[in-house]
Amino acid sequence: MNTPSPAGPEQPALRSDDSVAKQLFLGNILEENLFPYPEIRARDREMLGAMTDAIDQFLAGKGAELKQYDRDAEQPAEFIQALREMGLFGLIIPEAFGGMELSNGAYARVLGQTSSHDSSVSLTIGAHSSIGMKGLLLFGTDAQKQRYLPRLATGEMIAAFCLTESGAGSDAASIRTKATRNGDGSWTLSGEKIWITNGGIADFYTVFARTDTPEGKITAFLVEAKWPGVSHGPHEDKMGIRASSTTTVAFADVRVPAENVLGPVGKGFKVAMSILNSGRTGLGGGAVGGMRTLIRLACAQAKERKQFGQSIAEFGLVREKIAQMAVDCYAAESAVWMVAHLIDSGGSDYSVEAAMSKVFASEAVQRASYEALQIAAGNGFMREFPYEQITRDTRILSIFEGTNEILRLYIALSGLKGVGAGLSELKAAVGDIFNDPIKGFGVLGSYTGRRMREATGYGIDRIAHELSPRLRKVAATYEKYTVELSKSSDALLRRYGKKAADQQHAQKRLADIAIDLFVGLCVLSRADSLARQSHPAADEAASIAEIFAKQARRRMARNVRGLERNEDEAIEQLAGAVLAHDGYMWDVI
Amino acid sequence: MKILVGYKRVVDYNVRIQVKPDGTGVVTDGVKLSANPFDDIALEEALRLREKGVAEEVVVVGIGPADLTAHLRNGLAMGANRAIHVVAADAVQPLTAARVFLKLVEKEQPGLVILGKQAIDDDANQTGQMLAALWDRPQATFASKVDIAGGKATVTREVDAGLEVIEAELPAVITTDLRLNEPRFIKLPDIMKAKSKPIDTIEFGSLGVEAHDHLKTTHYAAPAKRSKGVMVKDAAELVAALKQKGLL
């Protein structure tokens, strides 16, 4: 589904409508959308510095209070009011409705700044903007926008996104909250949602319910908290992001007027997926902000702490951690910013890139929190220090807004689907090869044969964009493994036919190769742009591009090999045995 | 009434200042710059006077290179109605700054000029006093409380002997002390609003002000490092330590 970007028109349009990520599976590096690395919009550049300063001024002095909110598992009403006054609920709402109309890139950067102080603050404002009212921005009618956006911009209304249910997490299509159409065109909504961020403080819910109409199974609704029959449960006692409100939200025969249907009736699942896809940059931006803080803490700790008569910043194993955190942070930032740019440029096919940046950034910040705590060692383990809270707070990132497992499968299947679709275009008579590849083996064989020749031929798929000699070497890694990814995707389809969709171990490997390629290409493109701008840290950025490429090459080589030679079957069997036994089967006594 | 506020950009007070290796100045490249804290206090006071209905317009003034605009936008985001940017490539010394302000005063006819008592970079503490002398109007320096009524400013000053209260006929120059007020935070929507507020640009050369550097800086050096302290157990040990150092 085409998801219009609210901040699109100011940005130059993308040169290709194709998806960079999906093209990788076909052996193509879509360099016209990757180079040059997108620059910050002039409008945002002017404001972002002032905004991040203002956020620092607002939150920097509140360290003790924020820590207390974590302990109390609640942001008090005065603090929510301060967030409203700060303007943090109007970040992405158009100026015409009283908001700040930030681009996705600027929004991700602002969330990075709030996350550098406190994750729960980011959650409260992010759940509101990224998902709570994003549907209204993307799919709302003018009347709906007029009615709600001005109050959402000031925070007079806080928004929440209600999709998840006890039986419907990753399998969101299986929701059971039901809406039935009444004679007057209104709807009656009943059911219960769980783990709703902002559930306890929201006034405005975007709710997904099963409607089972001829048009489709699921429909999205805009529901006000004050309507009869809407209620929420107590704040959940969570491991992390404790101060952010998470509750159940129940709908007991709530009457929803016809004008509060969001998007077309029956198209709710696509509405939900579009919201989540476009919301993932906010999460990635938050992860980057968290990493910046962790790197700063780690540097201070490493320089200050003396052991064996020298500061531990002199020790190789500490330096390694600090450098790796910088590589991870730069890589995540490069990918998140690129995805934000894809959305801001009015691109419509960015869901795979968004998923890749979410998977990478969420795992990178967790590695960083582990390593920063490790550098602080004993201190890191004490609650007096910030590491334990950051560790708890970041853990959610690989769970919500699509678990990283689901997203990896989504990345691989979307890529494989593209390979199948390409084949069907090749010979229309064969039809949908992805769904029935066996039927198309003949075509597949000749197709892949031709493409393999192309792919393995010299000079094919070279990045034409001019690069410095250092970065040219980096580019060669990605050129090589893009071809490997397409070969492996072909091979998987050839070997398993339609059963390729069930090969989760293989899909994970394909997804990881694709993630390394996409993130690595973003890192490369950004290093190239920084060199051209003579950025003071351009050399270090080129080093990061080299380090990332070497590390990615090892991971990609392992994954390519793993697709051919692996212990997947043995792993499957062992899992079966452990599961059958309901646990561990051995003991030393 | 119109209030003119001096709004200087300095190296942020949180930055650990580093002297350039050749001793010609301090490092400002890649260093966070922000408003002189005393100037933020001056602006805050002007905004409060406007909010009380004493003043109608608050104008922030900055003297500096082309990129000073972003800094002046912060003043507008805090609430100033408009800004004047006197474009000057080099830093100006207090007398030159005072002369620039005099030109702007003649043009703008403010009822009050509020400046920080000093800037935290050169700590000169001269511009306000010089402006009052050149303008031939009263000055109330180091203000810790300001009341405006009946064409007069009643200003409380923190002096060594305690608090001194003086009255000054308007128009006048007030310079701010640290405890005058606590400047407000800039809110994000105000940053948006500031984009459409006017910044008048005036070339320094067009003002007819002589830029005369009366002071020559010969060398910058970092302060000597403080030697490590000693921990003492009790008063007796402290007395002994002081005696040993010949301080008692």
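Two short exercises on this predicted model follow, each with a worked solution.

Residues are numbered from 1 along each chain as written, and chains are lettered from A, with ligands numbered from 1, in written order. Local features need pLDDT of at least 70, side-chain atom pairs need 80 or more, totals for chains, interfaces and linings use all residues, and side-chain values use heavy atoms, without hydrogens and water.

**Exercise 1. Place strand E10 of chain B.**

Which residues does E10(B) hold, and how many of them are buried?

Step 1. Strands are DSSP E runs of at least two residues, and helices are H or I runs of at least four, both numbered from the N terminus. E10(B) covers residues 172-176.

Step 2. Buried means under 20% relative accessible area (1.4 Å probe, protein chains only). Five of its five residues are buried. One side carries Ala172(B), Ile174(B) and Thr176(B); the other carries Val173(B) and Thr175(B).

Step 3. Find the partners. Strands pair if DSSP finds at least two bridges between them. E6(B), residues 112-116, pairs with E10(B) in the parallel sense over five bridges. E7(B), residues 139-149, is also parallel to E10(B), over three bridges.

Step 4. Look at Thr176(B). Thr176(B) is the bridge partner of Gly116(B) and of Ala143(B).

**Exercise 2. Describe chain A as a whole.**

Step 1. Count elements. Chain A has 18 helices and ten strands.

Step 2. Judge compactness. Its radius of gyration is 24 Å, close to the 25 Å from the globule rule for 589 residues, so chain A is as compact as a globular protein of that length. The radius is taken over C-alpha atoms; the rule is 2.2 Å times the number of residues to the power 0.38.

Step 3. Check burial. Of the 589 residues, 57% are buried.

Methods: Buried < 20%, exposed > 50% of the residue type's maximum accessible area, 1.4 Å probe, protein only.
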